[in-house]
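Reader: Please pick one aromatic side chain in this model and take a close look at it. Start with how accessible it is, then work outward to whatever surrounds it.

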Amino acid sequence: MICRFSGKRGTRGFTLIELMITVGIIAILASIAVPQFIQYRQRGFRTELTSDLKNAYTAAQAYFSDYPGATIDSIVKLTSAGWLASPRVGWSSGDLRIDSGTVSLTHSQLPAPRNTGSVSSTGAISLPGS
């Protein structure tokens, strides 16, 4: 039993012009979508940094309830109070007391100088470029 292609004879495929127009349309759509995708990712990273700053502040308050006169100057003190950083967020600096100072965190996926944020002793979050 021999199977034959059952297409019509004399039919042709797409012309080169039609294929070039299709590729051009796809390129235009990609040039619009890619920058938007990059902006969405950066907004997500900034939200992740903000969330970690809020969580660091909450952990600092828990630490101060156990050690009222202490200063948070290392990540060890925050982690001992239950703070767990996101994988791309790390310790930058800190000198936080119950009534003054700040803790700064850095996000590894954001470009400098927008990659560092801080939280003050009042809970106010500061992000550059906001």
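Author: Tyr 67 is partly exposed, because its relative accessible area of 48% falls between the limits of 20% and 50%. The model is a predicted one, and that applies to each value below.

The ring of Tyr 67 is best placed by its aromatic neighbours. Two aromatic pairs are found in the structure. In one, the ring centres of Tyr 63 and Phe 64 are 6.5 Å apart and the planes meet at 65°, so this pair is edge-to-face. In the other, Tyr 63 and Tyr 67 have ring centres 4.8 Å apart and planes at 40°, so this pair is tilted. The angle decides the wording here: 40° lies between the limits of 30 and 60 degrees, so the rings of Tyr 63 and Tyr 67 count neither as stacked nor as edge-to-face. Tyr 63 takes part in the pair with Phe 64 and also in the pair with Tyr 67, and the three residues form one aromatic cluster.

The members of the cluster are not equally accessible. Tyr 63 has a relative accessible area of 11% and is therefore buried. Phe 64 is buried as well, whereas Tyr 67 is partly exposed.

Next comes Ser 65, which is part of helix α1. Its relative accessible area is 55%, so Ser 65 is exposed. A polar atom of the Ser 65 side chain lies 2.6 Å from the backbone oxygen of Ala 62. Looking back along the chain, Phe 45 is 20 residues away from Ser 65, and the C-alpha atoms of the two are separated by 30 Å.

Helix α1 spans residues 16-66 and lies across β1, β2, β3 and β4, running at about 150° to β2. These strands make up an open sheet of four, in the order β1-β2-β3-β4, with antiparallel pairing. β1 and β4 are the edge strands; each has a single partner strand, so one side of each has no neighbour in the sheet.

The pairings can be followed strand by strand. β1 covers residues 89-94 and is joined to β2 by five bridges; Gly 90 stands opposite Thr 106 in β2. Five bridges also join β2 to β3, which covers residues 116-120. Thr 106 stands opposite Thr 116 in β3, while Thr 102 has Ser 120 of β3 as its bridge partner. β3 and β4 are joined by two bridges, and Val 119 is partnered with Ile 125 in β4. Four of the five residues of β3 are buried, so β3 is largely enclosed by the rest of the structure.

Helix and sheet also meet in the nonpolar core. The largest such core has 17 residues, and those with the most contacts inside it are Ile 72, Leu 78, Val 103 and Leu 105. At least two residues of this core come from α1 and at least two from β2. α1 gives the most, with seven residues. Leu 78 serves as an example: leaving out residues up to four places away in sequence, its contacts include Ala 56, Ala 59, Ala 60, Ile 72, Trp 83, Trp 91 and Val 103.

The turn after β3 completes the picture. β3 and β4 form a hairpin with four residues between them, and Gly 123 in the turn has a positive phi of about 95°. Ser 121 is located in the loop between these two strands. With a relative accessible area of 13%, Ser 121 is buried, in contrast to Ser 65, which is exposed. The Ser 121 side chain has a polar atom 3.4 Å from the backbone oxygen of Asp 99, and a polar atom of that side chain lies 3.3 Å from the backbone nitrogen of Ser 100. Neighbours within four places in sequence aside, the residues in contact with Ser 121 include Tyr 57, Gln 61, Leu 96, Arg 97, Ile 98 and Gly 101.

To return to the starting point, Tyr 67 is partly exposed and its ring is tilted against that of Tyr 63, which is buried.

How values were computed:
Residues numbered from 1 in each chain as written. Predicted model: local features only at pLDDT ≥ 70, side-chain atom pairs only at ≥ 80, totals over all residues. Heavy atoms only, no water. Phe/Tyr/Trp six-rings, centres within 6.5 Å; stacked < 30°, edge-to-face > 60°. Buried < 20%, exposed > 50% of the residue type's maximum accessible area, 1.4 Å probe, protein only. Core = buried A, V, L, I, M, F, W, Y, C linked by side-chain atoms within 4.5 Å. Contact = heavy atoms within 4.5 Å. Pairing = 2+ DSSP bridges. Polar contact = N/O pair within 3.5 Å; in protein donor to acceptor, adjacent residues only side chain to side chain. Axes fitted to C-alpha atoms, helices over the stretch in contact; angles between N-to-C directions.
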